[in-house]
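These are my notebook entries on one protein chain. I worked from the overall architecture to helix packing, then to aromatic rings and single residues.

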Amino acid sequence: MQRHNLSAVSEFILIGLSDAPHVRLLLFVLFLTIYLATMAGNITILLAVSTDTRLHNPMYFFLGNLALLDILCPTITVPKMLGALLLDNKGISFKGCLFQLFFLIHVVGTEIFLLAVMAYDRYVAVCHPLKYLNIMRMKLCAHLAIGTWLVGFLNSLLHTSLVFTLLFCDSNHVDQYYCDIPPVLGLSCSSTWSRELVILAVAGVLGSGAFVLTLISYLYILLAILATNSSQSRHKAFSTCASHLTVVCLFYGTTICTYVRPSSTYSPQRDRIVSMLYGILTPLLNPIIYSLRNKELRSALRRGIRQLRTAVTAQQHLAQSRASSAAPAVG
């Protein structure tokens with residue numbers, strides 16, 4: 001009787017970025033700095049959007065979701081990579097690999113759909129400004145956001161079940177610094193072509209469909225910008241759209257390149273770089289491109305800093321007054 005869901009492998013070994021100790025230390029410092037900067041930027045945006053009532057509108061609601069995804073995406077892979085670089089701890093259990101892949105595909109898939117929703121939101125704001133608040137009601141925004149997370153979850157559940165119900169026999173060295181679909185599929189000792197076909201079809205339809213919808217939205221936005229009379233407004237809008245499109249194309253291009261192709265074409269050196277572009281670089285760039293260049297958000301951050309300073313000063317004065325009243329009288 002065939003055993004389709006049992007594996008002889010209980011642990012995987014992740015192939016790190018380098019075996020040279022001095023190179024590993026440099027890479028550790030580099031990626032730790034990038035990770036901390038990514039966390040700081042996205043947490044700041046998430047706090048500003050959630051606490052400042054002036055930012056409680058559809059655009060910032062979606063930006064808050066994007067910031068949360070950009071916190072989760074590197075957190076799934078980077079801490080394990082940092083541990084491998086610093087401590088040379090490259091092992092990961094079978095279940096650990098399964099959950100790492102599941103959560104990564106969930107987050108990446110959700111971001112793919114969220115970027116399409118955000119592009120549609122900007123299309124409505126630019127092309128139909130008078131109808132914007134009627135169309136993009138908060139109830140609809142909540143449904144769209146929940147829908148992106150739900151579709152991302154179901155997409156990840158399908159991909160993970162297709163990969164980890166295969167049989168893994170002897171080889172357990174994953175040619176990547178985290179568990180991902182192409183290198184893990186390559187380790188299976190059972191036939192993978194039918195499952196790869198399903199993965200290719202689902203990833204191709206969903207990923208390419210979201211990318212096309214995003215491009216169409218930005219195309220209509222660009223046409224609307226060209227129709228404006230003010231050259232200054234056109235220049236500012238073009239600059240914003242160009243930066244948005246750069247990050248969008250970088251994210252979609254690298255994810256589609258990673259998942260919409262046969263595992264036989266997997267190249268460890270090339271794919272490590274590609275995975276860093278969407279898994280580490282774009283979460284760092286998104287706060288800068290989408291949010292920190294925004295005047296409203298910068299104003300909200302300044303207000304938040306002023307309120308924090310006021311609160312700290314008030315606490316210091318209160319502590320000093322309590323200390324003075326508690327001090328014994330002299331004489």
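**Entry 1. Architecture**

I first read the order of secondary structure along the sequence, which is β-α-α-β-α-α-α-β-α-α-α-α-α. The model is a predicted one. I counted 10 helices and three strands in the protein chain.

I then looked up the overall extent. The C-alpha atoms fill a box of roughly 85 × 75 × 40 Å along the principal axes. The chain has 331 residues, and 44% of them count as buried. I also checked how far contacts reach in sequence: of those between residues at least 6 apart, 80% join residues at least 24 apart.

**Entry 2. Helices α1 and α2**

I turned next to helix packing, for which the quantities to look up are the angle between the two axes and the distance between them.

Helix α1 covers residues 21-51 and helix α2 covers residues 58-87; their axes come within 9 Å and cross at roughly 160 degrees. Because angles over 145 degrees count as roughly antiparallel, I recorded α1 as roughly antiparallel to α2. I noted the handedness as well: α1 passes α2 in a left-handed crossing. Sorted by class, the residues of this contact are 22 nonpolar, four polar and two charged.

**Entry 3. Helices α2 and α3**

I followed α2 to its contact with α3. The two axes come within 10 Å, and the crossing angle is roughly 155 degrees. I therefore entered α2 and α3 as roughly antiparallel to each other. Their crossing is left-handed. The contact of α2 with α3 divides into 17 nonpolar, four polar and five charged residues.

**Entry 4. Helices α3 and α7**

How do the axes of α3 and α7 cross? I found that helix α3, residues 94-127, and helix α7, residues 193-226, have axes that come within 9 Å and cross at roughly 20 degrees. Angles under 35 degrees count as roughly parallel, and α3 and α7 are therefore roughly parallel to each other. I recorded a left-handed crossing where α3 passes α7.

I listed the residues that meet here. On the α3 side they include Ile 112, Phe 113, Leu 115, Ala 116, Ala 119 and Tyr 120. On the α7 side they include Leu 206, Gly 207, Ala 210, Thr 214, Ser 217 and Tyr 218. By class, the contact of α3 with α7 has 15 nonpolar, three polar and one charged residues.

**Entry 5. Aromatic rings**

I searched the structure for aromatic pairs and found 15. One of them is formed by Phe 12 and Phe 168, and its geometry is edge-to-face, with 5.7 Å centre to centre and 90 degrees between the planes.

Where do Phe 12 and Phe 168 lie in the chain? Phe 12 is in strand β1 (residues 11-14), whereas Phe 168 is in the loop between α5 (138-164) and β3 (173-174). The two are 156 residues apart, and the pair links distant parts of the chain.

I looked up the accessibility of both partners. Phe 12 has a relative accessible area of 0% and is buried; Phe 168 is also buried, with a relative accessible area of 0%. I then traced the wider group and found one aromatic cluster made of Phe 12, Phe 94, Phe 164 and Phe 168.

**Entry 6. Thr 148**

Is Thr 148 buried or exposed? I located Thr 148 in helix α5. Its relative accessible area is 4%, and I entered the residue as buried because the cut-off for that class is under 20%. Leaving aside neighbours within four places in sequence, I found Thr 148 in contact with Thr 110, Phe 113, Leu 114 and Val 117.

**Entry 7. Two residues of α7**

I returned to α7 for Leu 219, which lies in that helix. Leu 219 is partly exposed, with a relative accessible area of 48%. I looked up its separation from Tyr 123: the two are 96 residues apart along the chain, and their C-alpha atoms are separated by 9.0 Å.

Val 212 also lies in helix α7. I recorded Val 212 as partly exposed, at a relative accessible area of 43%. From Val 212 to Pro 283 I noted 71 residues in sequence and 22 Å in space, C-alpha to C-alpha.

Key
Residues numbered from 1 in each chain as written. Predicted model: local features only at pLDDT ≥ 70, side-chain atom pairs only at ≥ 80, totals over all residues. Heavy atoms only, no water. Axes fitted to C-alpha atoms, helices over the stretch in contact; angles between N-to-C directions. Helix = DSSP H or I, 4+ residues; strand = E, 2+ residues; numbered from the N terminus. Parallel < 35°, antiparallel > 145°, perpendicular 65-115°, else oblique. Left-handed = near helix turned anticlockwise from the far one by under 90°. Contact = heavy atoms within 4.5 Å. Nonpolar A, V, L, I, M, F, W, Y, C, P; charged D, E, K, R; others polar. Phe/Tyr/Trp six-rings, centres within 6.5 Å; stacked < 30°, edge-to-face > 60°. Buried < 20%, exposed > 50% of the residue type's maximum accessible area, 1.4 Å probe, protein only.
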